[in-house]
Amino acid sequence: MSHPAHAMPDRPVHVPGPPAPGGGPRVLDRREGPYGEVVLRERGEHFEIIANGCFLMDTSDGRSERLLVDAALTELAGSAEPGGATGAHGGSHSVLIGGLGVGFSLVRAVEESRWGRITVVEREAAVIDWHRSGPLSAVSGAALADPRTEIVAADLVAYVREGAGPRTFDALCLDIDNGPEWTVTEDNGGLYSPAGLAACRGRLTPGGVLAVWSAQPSAAFEEALRNAGFTGVRTEEIPVVRGVPDVVHLARKGA
């Protein structure tokens, strides 16, 4: 069931609590759900989301989450020729963001007027709560209140394959795992399978763009995208302080 976020309640003021013993992160909320444990932690001035013991993301940077949305829009702008992707809102584009996370992708999308309809699919009720009325509302409160924003409480894999009938988008920006080869839960692997990628293509308008965030490059995933019928497959790197770059895998549905 979708929950359009056209209004927000008064947001609580977040007051950092005492540091955890030894100076480590402080747990703000811990919940068990149908997909396992999800935890919100505070580390200094930043927040972290941990799922089943696996670090997902934090509020310390956000460059790669923002680039996920920017890269998709840049690809769409490059397809303005006849037959390219055009939005259904007075020339603007529609985007589906897979995973609310710490909110950086949503905030970035709202900052760009060329996105006309912004739908965020998030399966963890706790994450939605943290944004609606918890500590993460400081990051995303204004974006949630934007009339273009819609929050859908659903599993992304099921939503892409089955949800919302024939509804399509000009861009899919997916960030629910640490990458196609490093999923948070086993079921998420279906999103990167041939059937899952075919479902993604089905959710795109002609000329639409699929953008997938990953903690590391994957030549195998690039090949899987080509085998699924996508064109213009490429990988954009985002430098990080240590280790291999984060990347955004980009691909387009033919017009």
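Author: Two strands pair if DSSP finds at least two bridges between them, and strands here (E, at least two residues), like helices (H or I, at least four), are DSSP runs numbered from the N terminus. The model is predicted, so local features need pLDDT of at least 70 and side-chain atom pairs pLDDT 80 or more, while totals for chains, interfaces and linings use all residues. Residues are numbered from 1 along each chain as its sequence is written, and side-chain values use heavy atoms, without hydrogens or water.

Reader: What makes strands S10 and S12 count as a pair?

Author: Six bridges join S10 to S12 (residues 246–252), and since at least two are asked for, the two strands pair. They run antiparallel, and within this pairing Trp213 of S10 has Val248 of S12 opposite it.

Reader: How do you know that S9 pairs with S10?

Author: Between strand S9 (residues 169–174) and S10 there are five bridges, which again satisfies the requirement of at least two. Here the strands run parallel, and Ala171 stands opposite Val209 in S10. In the chain as a whole there are twelve strands, together with seven helices.

Reader: Why is strand S10 described as largely enclosed by the rest of the structure?

Author: A residue is buried when its relative accessible area is under 20%, exposed when it is over 50%, and partly exposed in between (1.4 Å probe, protein chains only). Of the eleven residues in S10 (residues 204–214), ten are buried, and therefore the strand is largely enclosed. In the chain, buried residues make up 53% of the 255 residues.

Reader: Why is Phe169 called buried or exposed?

Author: Phe169, which lies in strand S9, has a relative accessibility of 0%, so it counts as buried. Taking contact to mean heavy atoms within 4.5 Å, and leaving aside residues up to four places away in sequence, Phe169 touches nine residues that can be named: Ser94, Val95, Leu96, Arg117, Thr119, Tyr159, Arg203, Leu204 and Thr205. One of these, Ser94, is 75 residues away along the chain, yet the C-alpha atoms of Ser94 and Phe169 are separated by 5.3 Å.

Reader: How do you know what share of the chain's contacts joins residues 24 or more positions apart?

Author: Among the contacts in the chain with a separation of 6 or more, residues 24 or more positions apart account for 67%.

Reader: Why is Ala220 called buried or exposed?

Author: Ala220 has a relative accessibility of 52%, and because of this value it counts as exposed. Its place is in helix H7 (residues 219–227), and its C-alpha is 9.4 Å from the C-alpha of Pro180, a residue 40 positions apart from Ala220 in sequence.

Reader: What do the buried residues of helix H4 pack against?

Author: In H4 (residues 137–145), the buried residues are Ser137, Ser140, Gly141, Ala143 and Leu144. They pack against helix H2 (104–111), helix H3 (125–132) and strand S8 (149–153).

Reader: What makes one space a cavity and another a pocket?

Author: On a 1 Å grid over the protein atoms alone, a cavity is a set of points where a 1.4 Å probe fits but cannot get out, whereas a pocket is an open set with protein on both sides within 12 Å along at least five of seven lines; a lining residue has an atom within 4 Å of a point. Points are joined across faces, edges and corners, and the volume is the space filled by probe spheres set on them. The largest pocket has a volume of about 660 Å³. Its lining holds 22 residues, and Phe55, Asp58, Ser60, Val240 and Asp246 are the closest to its centre. Strand S5 (54–58) and helix H1 (63–77) each supply at least two lining residues, and S5 gives the most, with four.

Reader: How many cavities does the search find, and what lines the largest cavity?

Author: Four cavities of 30 Å³ or more are found in the whole structure, and the largest cavity holds about 290 Å³ of space. Its lining consists of 25 residues, with Leu56, Glu122, Arg123, Glu124 and Ile176 nearest its centre. The largest share of this lining, three residues, comes from strand S3. The second largest cavity holds about 60 Å³, and its lining includes Met57, Glu65, Phe104 and Asp175.
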